[in-house]
Amino acid sequence: APPTNPPTSPPTAPPTAPPTAPVTPAPTSGDGAVAQGAIFDSSYGVPKCANMGSSCDSLALLDGRGTISNGNEPNHSNTNNIGNTCNDGNSGSYHSDESIDQITVTAGDIESGVPVPSGDFITEGGRAYVTVKLWCWSTGASDTADIYLTQDASSPDWQLLNSITCPGGGAQTIVQAFDVPKGTDQSIRVNFRYNGSASTCSSGSYDDHDDLIFTVKENPNLTPPPTPAPTQPPTPVPTRSPTPMPTNSNGPGPSGPQTASYDAALGAPKCSYGLSCDSVGLLNGRGTMNNGVEPNRPNTLNACTDGNGGSYHGDESIDRIVVTRASGGDGDLTEGDEVTITASVWCWSTGSSSFIDFYYASDASNPVWNQIVPRERCPGGGQQTMTASVVLVQGSLQAVRANFMYGSGDPGENSCTSGNWDDTDDLVISVKPNTASIASISEAAVRPSKHDDVQGAIEFSAKDAEADFLMKELHELNTGGVKP
């Protein structure tokens, strides 16, 4: 059934009309970065900021959706003419049903959940964040925004940054940070959909799709990464041929932080050479869980399947994995470096029944998983960060795994648990050879995660477990499933 029937009378607040004449963005001058306002670019068919700046704002050019009642979108559908134009759905009414109202890209980052603009130019190799203003139907629980980035608007290859469910109904704002890749004309696409799964162009009658092209300042010191694999290739078969090793092991030095892209041959997100590797939104969710379908699931090298029980950010899921250097050199990740694996997870209830294992394999094309630290319990409920450290041994294409599970408190090794609420995700990293000390690099060295030595960490007790199980049983009875 569609979200709503069209209202009998129009809303009191129609969309803001677009400017009658294009707004000329303020030009950049000297080293001063100026906020830019987009104007409609007929060659692309989307709003574009033609000048470099500290931000790029679509203003009112995206407000509304298709030919929706009382909310016709100017120049709809505002998706890139180069490639496949994506048509909006036309059902419903403005500010009752789904629509994208505004997109802004800003130089800066998100710190402790708060967007912090840098005031600098949006620059290759730097950080930026996209702010999307939406109208979400009803409670927002059925509406999701898929946020994509392409580094070349003239030849778009959309890479998923994240899929974010509306935090509530009505007017909502969501924000997503990203690493700015190489490329001077880049573009954001937001695919806003009612139900369905992540897509660059969903076809629902209440779905809205909008692009914004922004100009990026060149960074001559940034090494361009290899062309990434498409974001959504066909599901790979379990048996995979060996993956060729990266060819630029002797290339120029530091390539900057790397954002993973999905590798169809491996079946998991993969980063090229760089200072760090971030899965961004490619692991967010779990299996086909309610409101949290994981892109390219299961994202494991050996087709270890996820459980599908529960609902997104109500039950267990891995949202993101990041690998960063803890000690070693100051260039790209190299054999002999110690790295920290950081998993952002959602822990059910108090967290005392949710556990994580960290694993490491020195050859992603033929992984042999070694447990890094003993099984850890979530330090609390809801959004939590859990870490482990390992020394990179020999191997140009290595992998880390997080295995997140419900109710497996007994220590042991199982790199692929099969519970209904369990999530297993891999992240593949490219590692440069250490020609000076290869002989001295032995088996992976590990150290406890940061939670092992924290004073006052949450202790598991029979009372906590009993309360968790009772609450979980009640929750699952209400949602159609029962945890044992």
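**Close-up views of a predicted model**

Among contacts in the protein chain between residues at least 6 apart in sequence, 71% join residues at least 24 apart. The model is a predicted one, and the legends below describe selected regions of it.

**Figure 1. Overview of the protein chain in the predicted model.** The secondary structure of the protein chain comes to one helix and 25 strands. Of its 484 residues, 52% count as buried. The views that follow turn to a sheet, to a buried aspartate, to two cis peptide bonds and to two serines with positive phi.

**Figure 2. An open sheet of six strands with mixed pairing.** The strands follow one another across the sheet in the order β2-β3-β12-β11-β8-β9. Strands β2 (39-41) and β9 (159-165) stand at the edges, and because each has a single partner strand, one side of each is left without a neighbour in the sheet. On average, and with direction ignored, neighbouring strands of this sheet are turned by 25° against each other. As a general point for reading this view, strands of a sheet pair through backbone hydrogen bonds, either parallel or antiparallel.

**Figure 3. Strand β8 and its two antiparallel partners, β11 and β9.** Strand β8, which spans residues 143-150, pairs with β11, residues 185-194, over eight bridges in the antiparallel sense. Within this pairing, Ala145 stands opposite Phe192 of β11, and the bridge partner of Tyr148 in the same strand β11 is Arg189. The pairing of β8 with β9 is likewise antiparallel and runs over six bridges, with Asp146 standing opposite Ser163 in β9.

**Figure 4. The side chains of β8 and their burial.** Strand β8 is mostly covered, in that eight of its eight residues are buried. Asp143, Ala145, Ile147 and Leu149 point one way from the strand, whereas Thr144, Asp146, Tyr148 and Thr150 point the other way, and the residues of both groups are all buried.

**Figure 5. Surroundings of Asp306, a buried residue without a salt bridge.** Asp306 is placed in the loop between β16 (276-278) and β17 (317-327). What is the nearest side chain of opposite charge to Asp306? That side chain belongs to Arg286, and it is 6.8 Å away, whereas a salt bridge would require a side-chain nitrogen of Lys or Arg within 4 Å of a carboxyl oxygen, so this arginine does not provide one. The side chain of Asp306 does reach two backbone nitrogens, that of Thr424 at 3.0 Å and that of Gly287 at 3.5 Å. Leaving aside neighbours within four places in sequence, Asp306 is in contact with Arg286, Gly287, Glu294, Pro298, Asp422, Asp423, Thr424 and Asp425.

**Figure 6. The cis peptide bond from Arg297 to Pro298.** Omega of this bond is near 5°. Pro298 lies in the loop between β16 and β17, the loop in which Asp306 also has its place, and Pro298 is among the residues in contact with Asp306 when neighbours within four places in sequence are left aside.

**Figure 7. The cis peptide bond from His76 to Ser77 and the surroundings of the serine.** Here omega is near 15°, and Ser77 is found in the loop between β4 (55-57) and β5 (99-111). Ser77 has a relative accessible area of 8% and is therefore buried, the cut-off being under 20%. The side chain of Ser77 makes a polar contact with the side chain of Thr79 at 2.9 Å, and the side chain of Ser77 also reaches the backbone oxygen of Cys86 at 2.7 Å. Once neighbours within four places in sequence are left aside, the residues in contact with Ser77 are Thr85, Cys86, Asn87, Asp88, His209 and Asp210.

**Figure 8. Two serines with positive phi, Ser112 and Ser349.** Phi of Ser112 is near 50°, a positive value in a residue other than glycine, and Ser112 lies in the loop between β5 and β6 (114-117). Phi of Ser349 is near 55°, again a positive value in a residue other than glycine, and Ser349 lies in the loop between β18 (338-347) and β19 (354-361). Are these serines buried or exposed? Ser112 is exposed, with a relative accessible area of 80%, whereas Ser349, at 25% relative accessibility, counts as partly exposed.

Technical notes: Residues numbered from 1 in each chain as written. Predicted model: local features only at pLDDT ≥ 70, side-chain atom pairs only at ≥ 80, totals over all residues. Heavy atoms only, no water. Pairing = 2+ DSSP bridges. Helix = DSSP H or I, 4+ residues; strand = E, 2+ residues; numbered from the N terminus. Axes fitted to C-alpha atoms, helices over the stretch in contact; angles between N-to-C directions. Buried < 20%, exposed > 50% of the residue type's maximum accessible area, 1.4 Å probe, protein only. Lys, Arg positive; Asp, Glu negative; His and termini not counted. Polar contact = N/O pair within 3.5 Å; in protein donor to acceptor, adjacent residues only side chain to side chain. Contact = heavy atoms within 4.5 Å.
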